[in-house]
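User: I would like to learn how to read helix packing and burial in a model. Could you take me through one case?

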Amino acid sequence: MAMVFRGVGRVHALDRLPTLENLARRNIQVGSLMCKFCGEMQETSEHLFISCGLSQSVWEFVRTWCQLHRFVLFDVKDALQYHKDARGSKRWKTAIYTVIQTTLWCIWRARNEAIFNGKQPMARNIKEEIKVLGFLWLKNRAKESNLTWEKWCNFDLRYMGI
Ligand SMILES: [Zn+2]
């Protein structure tokens, strides 16, 4: 689990991930360039991770679950910067950053599952996965041993001093 997370830590380079548009730019045969979630727009990293309807629904869940204020995203960079400008303790920021990285990771995974395994992307599954992986990663990485699953599901992090 920790090893997977280190990969996600370099998520600021998401524009360099081989999204279909990036591959097409390098003249690699990719078949359809359309987004595998909605099939309506070209798959750019901005569309895939932020503005696609499915991703919007996932971010809306994150915003509500984590009680985030002024959480407006225009691109992947906004998502990765959010915790820096938001008010909160260092531990809270770590928790939020973990959730956001997990969200990007889960969207990316759902996209790959759709392309390579023909799996139907479902917002409900992505949201559940964010909760589970975020919990495991935060407990492991930030050594939040007092964090219980119940507190996590309610995003009740008052003991973190926020
Ligand atoms: Zn889409």
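**Reading a helical model**

Analyst: The cover over the buried residues of helix 5 includes helix 3 (45–51) and helix 6. Buried means 20 or more other C-beta atoms within 10 Å of a residue's own, exposed 12 or fewer, and partly exposed in between, with C-beta atoms placed from the backbone. Residues are in contact when such C-beta atoms lie within 7 Å. The model is predicted, with local features requiring pLDDT of at least 70 and side-chain atom pairs pLDDT 80 or more, while totals for chains, interfaces and linings use all residues. Numbering starts from 1 along each chain as its sequence is written.

User: How many helices and strands does the protein have?

Analyst: There are eight helices and zero strands (DSSP runs numbered from the N terminus: H or I of at least four residues for helices, E of at least two for strands). The order along the sequence is α-α-α-α-α-α-α-α. Of the 162 residues, 27% are buried. Among contacts between residues at least 6 apart in sequence, 58% join residues at least 24 apart.

User: Which residues of helix 5 are buried, and where do they fall as seen down its axis?

Analyst: An α-helix has 3.6 residues a turn, so residues three or four places apart point the same way. In helix 5 (residues 76–85), the buried set is V76, A79 and H83. Viewed down the axis of helix 5, these residues fall within an arc of 75° (taken over the directions from the helix axis to the C-beta atoms), so they line one face. The exposed residues K84 and D85 are on the face turned away from the buried side of helix 5.

User: Is D78, also in helix 5, exposed or partly exposed?

Analyst: D78 counts as partly exposed because 14 other C-beta atoms lie within 10 Å. Its C-alpha atom is separated by 9.8 Å from that of I50, 28 residues apart along the chain.

User: How do helix 5 and helix 6 cross?

Analyst: Two packed helices are described by the angle between their axes and the distance between the axes. The axes of helix 5 and helix 6 come within 7 Å and cross at roughly 160°. Axes are lines fitted to C-alpha atoms, for helices over the stretch in contact, and angles run from 0 to 180 degrees between N-to-C directions. Helix 5 is therefore roughly antiparallel to helix 6 (over 145 degrees; under 35 is roughly parallel, 65 to 115 roughly perpendicular and the rest oblique). On the helix 5 side the contact uses V76, A79, L80, Y82 and H83, which meet K93, I96, Y97, I100 and L104 of helix 6. By class, the residues of this contact are eight nonpolar, one polar and one charged. Nonpolar covers Ala, Val, Leu, Ile, Met, Phe, Trp, Tyr, Cys and Pro; charged covers Asp, Glu, Lys and Arg; the others, Gly among them, are polar.

User: What angle does helix 6 make with helix 7?

Analyst: Helix 6 (residues 90–117) and helix 7 (residues 123–141) cross at roughly 135°, their axes coming within 9 Å. This makes helix 6 oblique to helix 7. The crossing is right-handed (the near helix is turned clockwise from the far one by less than a right angle; anticlockwise would be left-handed). Helix 6 contributes A95, T98, V99, T102, T103, C106, I107 and A110 to the contact, and helix 7 contributes I126, E129, I130, L133, G134, W137 and L138. Those residues comprise 10 nonpolar, four polar and one charged.

User: What is the burial class of E128 in helix 7?

Analyst: E128 is partly exposed, with 13 other C-beta atoms within 10 Å. The C-alpha atoms of E128 and C106 are 9.8 Å apart, with their positions 22 residues apart along the chain.

User: What is the handedness of the crossing between helix 4 and helix 6?

Analyst: The crossing of helix 4 with helix 6 is right-handed. Their axes come within 11 Å and cross at roughly 155°, so the two helices are roughly antiparallel to each other. S55, V58 and V62 of helix 4 meet V99, T103 and I107 of helix 6. This contact divides into four nonpolar, two polar and no charged residues.

User: What is the phi of R70, and what is that of F155?

Analyst: Most residues other than glycine have a negative phi. R70, not a glycine, has a positive phi of about 45°; R70 lies in the loop between helix 4 (53–65) and helix 5. R70 counts as exposed because it has 8 C-beta neighbours inside 10 Å. F155, in the segment after helix 8 (149–153), has a positive phi near 45°. F155 is partly exposed, with 16 other C-beta atoms within 10 Å.

Notes
Two residues are in contact if their C-beta atoms, placed from the backbone, lie within 7 Å.
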